[in-house]
Amino acid sequence: MPPNTSAPYLSHGHDPWLVMLSVAMAVLTAYAALELAWRIVGARGRERYLWLASSAVALGAGAWSAHFIGMSALQLPVPVRYDVLTALAALLPVVAGAALAFWLSGRARAEVRPWQIGLAGSVLGGAIAGMYFIGMAALRLRATFSYDPAWLAFAFVVATVTSSFALWLHVGLRAAATSARQLGKIAGALALGGAIAGLHYAGMRAAKFLPTTDYLPNPIGLVDIDVLGSAAIIVGVLTVITTGLTVLVFNQQLLSQLSFTRKFLLVSALFITPLLVVIGVFSFELYDRIDKYGYRELYGVRYVTPLQSLLVNLQLHQEALAEYAAGRLTEQQLLDVRSAVDADLATLAELDRRYGTILQTNTWLSSLRYKWSGLQSQTLRFSPQAARLRHIESATNVRELIAYIGDSSFLSLDPDLDSHNLMRATLIHLPDNQMLLNRSAQMFLATLHGELVTPEERAQLSAALTLLRANLDALEAELEVAYRNHPDGFIEPNLAPEFAAYRQVLTEYLDFLKFQLNLTKPTVSLSDARRLIGEARAANQRFYAVVSENLAASIQGRIDRLTFRLASLVGFSLFTGALALAFGQAVFRVILRPLRALTDATQALAGGDLSVRVNVVGSDEISTLALAFNDMARRLQLSQTELAERNRALATSAEVSRRLSTLLDEKQLVREVVEQLQLAFGYYHVHIYLFDEQRENLIMAGGTGPVGAALLERGHKLPRGKGLVGRAAETNAPVIVPNTTLDPGWLPNPLLPDTKAEVAVPIALGNEVLGVLDVQQNMVNGLSAADAEMLQAIANQVALALRNARSYARAQRTAEREALVNSINRKIQSAASLESVLDIAARELGLALRARTAVAELNLRPAMERSTTIATADERRPSARAKLEISRANPVSTGFIDAETNGRSHS
């Protein structure tokens, strides 16, 4: 915005960078507020009010931040401060207005009427305007301000229209597609941010600052605009960051779509951004300090130095003009003095071209040049008194310009004791001394020229001399303070000798004039008086030049120190930021490495590799997760192993069932079962025990390997109820011993020394136990309940097979017996005599029974009793005796056949 140069108001402009920052802050915080307000529609109950409050606070904080950043961009030629409480109060109307506006528009699209949007926009525009006026009311400066009504009305219209447009987009695009909604949010943020920034800068265009001299702000409760501007930047950035965090927390879908690397970068950005903002604020303050209390002060010193020379030359021109009018000075001498003034003005014009915009001195210098031009052209027409007044007016303007530059260049606010005191010498004491020297010299020369000096003028001259001496004392005291506080220490050796010479010259001048004032008539000649006055003026100018040079050097030293500090801060911040980012990346890689290993292991596990495990180092959350994964993988592998074992058991069981269904021989059946079990499961030893006929002992019927053959050969048996086998037979339930050394009832077998676990399952049909299937393993916990369950299923099938085999054996014996009987009957029926019958019976029975003796005996009754015994021997067999006895009443009473085989009798 160009400076407002309307006289007599203060000219003011804006820093373009801060203007852009304020606009950007307004747009960003408007977007943040609209993003929060978007969630009001779908919320219910307390949640709705929370979203409403958060969106209103976000917009209020953003508008407040943008306003005071814009105010820190304001460039006025006077110091500016703010009342803290009033500045904070500016936040209230915009928060309240935003809450009401979002409440009116925060419903479904069909429920919001156009007039409600217009009302909400008007409320929001009025709230922004209220914040602006309260913020302006917090200003404390040496000026009063008023507003141009036309620009003020325009500012309100802009704020209302753009706010309504933003709310219209906010409501109208709720049902649109995602991309359209996003574009609508951006457009709404631009419109609402434009309302905030537009009202502010239109309001600043309407503002007019009228300088005053009688108002000095009370420093209590006030802060500098730089402090408030820095706070505004921090508030704005924190508002944007807090809103971003809130949106991320409540938008899990968006967060879940980011990779770990992007999440890390996002979290890093969220943590680094406030630090960068703080560092940026500090850097900005340093830069602003360098600008205000460095370069601007340096420009001010460079500007006031020729102004001091102009002040002296204007006074010399006044004297020269008086001397020329009295005929004591030639025209050429007068022109020489004018040339000195012209040279000073030319120097100031060059400086004004370079620094006039910064120091805002353009109108001042134009006024001085204009007055000097009029003074030159009309000099001879003025009366001596008028010319004197014109010169005094010009000198006064120069003195005021020096004071003005003290404000616009921040020299008057110099913060350091050394340069501050040098500034006072440059801006106050030495110019005042120059004015006092000029006044006292003119009055004393007038007495020497014989002009009448009134008692009042004599008193004024005496007061001027007293004030000049007081200025010397004050200047000496302030220089002492500057000597003690200067960081580089070059001021004292540069200024102390110069001040001593300067004080000596002015003391001689003061003593001389004081002495002459006490005389009735001055005794000094005019030439001596001129020489003494000239020496005093030259000493003042010389010392002014030395002070201004040292002040400039001191300010340049401050610039160098602050620039080095700024470069160090920026460099250190960049270095530590890069180092922190690199270290964070390294730490993140360390954190991510087990996560990636866990991810790879999970994918491998999903691909079927159940043996995969994650290397666990430490006890953090990831290590805990890795332990859980390893345990899950182990359990899954164990489950799969158990499933494989179960499947193999089922397959073995099916195979055993298939084989058992074809076996009808008991011995072959037992041998097949133990061999199949050991072959399928790799058991240490497998054997089967069967009850004897008396069911007192369990006799080993089959076993695996040489040990099984040895035990079978020696007829190994166990008493009922003894050991694991006996216990299983007694209880008709499986007996499992995972560790045989811990079971007191376990019976060791010397032939099986490596047995560490054993399972005995009954071979039973219902409650009838036929025997026991016993399995031993050479590992502790090598047998489990799953083994017992599988073995029990096989034992049940063995029981059925044994029953079938025994039934088949009984049926086979019965069939053989019946076939034998039928064969004997056929042979007997074919016999021709009783002796043949007996012979056939004895012989056939002996052969069938493999008897050593077969006897056939008949008893015939009642007529006679006769017994016939026929013994026969077979050539292929041992001798056999058959006995047939038939007892028959009519005709045969009784009869039987008896056969003996190996001491056993068969009847």
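Colleague: What is the volume of the largest cavity, and what makes it a cavity rather than a pocket?

Modeller: In this predicted model, the largest cavity has a volume of about 50 Å³. The word cavity applies because a 1.4 Å probe fits there but cannot get out, whereas a pocket is an open set of points. In total, the structure holds four cavities of 30 Å³ or more.

Colleague: Which residues line the largest cavity, and what makes a residue part of the lining?

Modeller: A lining residue has an atom within 4 Å of a cavity point. For the largest cavity, these residues are Leu310, Leu314, Val341, Leu345, Leu368, Lys371, Trp372 and Ser394. Helix H10 (260-325), helix H11 (331-359) and helix H12 (362-377) each give two or more residues to this lining. With three residues, H12 gives the most.

Colleague: Let's stay with H12, then. How do you know what its 16 residues should span?

Modeller: The rule is 1.5 Å times one less than the number of residues, and for the 16 residues of H12 that gives 22 Å. The end C-alpha atoms of H12 are 23 Å apart, which agrees with the expected span.

Colleague: Which residues of H12 are called buried, and why?

Modeller: Buried means under 20% relative accessible area, and in H12 Leu365, Leu368, Trp372 and Leu375 meet that test. They cover an arc of only 90° around the axis, which puts them on the same side of H12. Two of these buried residues, Leu368 and Trp372, are also found in the lining of the largest cavity.

Colleague: And which exposed residues does the face of H12 turned away from its buried side carry?

Modeller: That face carries Thr363 and Tyr370. They are called exposed because the term applies over 50% relative accessible area.

Colleague: Now for H4. How do you know whether its buried residues line one face of the helix?

Modeller: The buried residues of H4 are Val94, Gly97, Ala98, Ala101, Phe102, Leu104 and Ser105. Seen down the axis, they fall within an arc of 155°, so they line one face of H4. The helix length also fits the rule: the 15 residues of H4 (91-105) should span 21 Å, and the end C-alpha atoms are 21 Å apart, which agrees.

Colleague: On to the strands. What makes E4 and E7 stand at the edges?

Modeller: The sheet is open, with three antiparallel strands in the order E4-E3-E7. Strand E4 (139-141) and strand E7 (222-224) each have a single partner strand, so one side of each is left without a neighbour in the sheet. From one strand to the next, the twist averages 40°.

Colleague: How do you know that E3 and E7 pair?

Modeller: Pairing calls for at least two bridges, and strand E3 (80-83) has three with E7, in the antiparallel sense. Asp83 has Leu222 of E7 as its bridge partner, and Tyr82 stands opposite Val223 of E7. The test is also passed with E4, which is joined to E3 by three bridges and runs antiparallel to it. There, Arg81 has Arg140 of E4 as its bridge partner.

Colleague: What about the open sheet of six strands: in what order do they come?

Modeller: The order is E10-E9-E8-E13-E12-E11, with antiparallel pairing. Strand E10 (717-719) and strand E11 (735-737) are called edge strands, as each pairs on one side only. Neighbouring strands are turned by 20° against each other on average, direction ignored. At the E11 edge, three antiparallel bridges link E11 to strand E12 (757-765), with Val737 opposite Glu758 of E12.

Colleague: What makes you say that both faces of E8 are covered?

Modeller: Strand E8 (685-691) has seven of its seven residues buried. On one side these are His685, His687, Tyr689 and Phe691, and on the other Val686, Ile688 and Leu690.

Colleague: How many bridges does E8 form with E13 and with E9?

Modeller: Six bridges pair E8 with strand E13 (768-777) in the antiparallel sense, and Tyr689 stands opposite Val772 of E13. With strand E9 (697-703) there are five, again antiparallel, and Leu690 stands opposite Ile699 of E9. The hairpin of E8 and E9 has five residues between the strands, and Arg695 takes a positive phi near 55° there.

Conventions
Residues are numbered from 1 along each chain as its sequence is written. This is a predicted model: local features need pLDDT of at least 70, side-chain atom pairs count only at pLDDT 80 or more; totals for chains, interfaces and linings use all residues. Side-chain values use heavy atoms; hydrogens and water are left out. Helices (H or I, at least four residues) and strands (E, at least two) are DSSP runs, numbered from the N terminus. Axes are lines fitted to C-alpha atoms, for helices over the stretch in contact, and angles run from 0 to 180 degrees between N-to-C directions. Buried means under 20% relative accessible area, exposed over 50%, partly exposed in between (1.4 Å probe, protein chains only). The arc is that of the directions from the helix axis to the C-beta atoms. On a 1 Å grid over the protein atoms alone, a cavity is a set of points where a 1.4 Å probe fits but cannot get out, and a pocket is an open set with protein on both sides within 12 Å along at least five of seven lines; lining residues have an atom within 4 Å of a point. Grid points are joined across faces, edges and corners, and a volume is the space filled by probe spheres set on the points.
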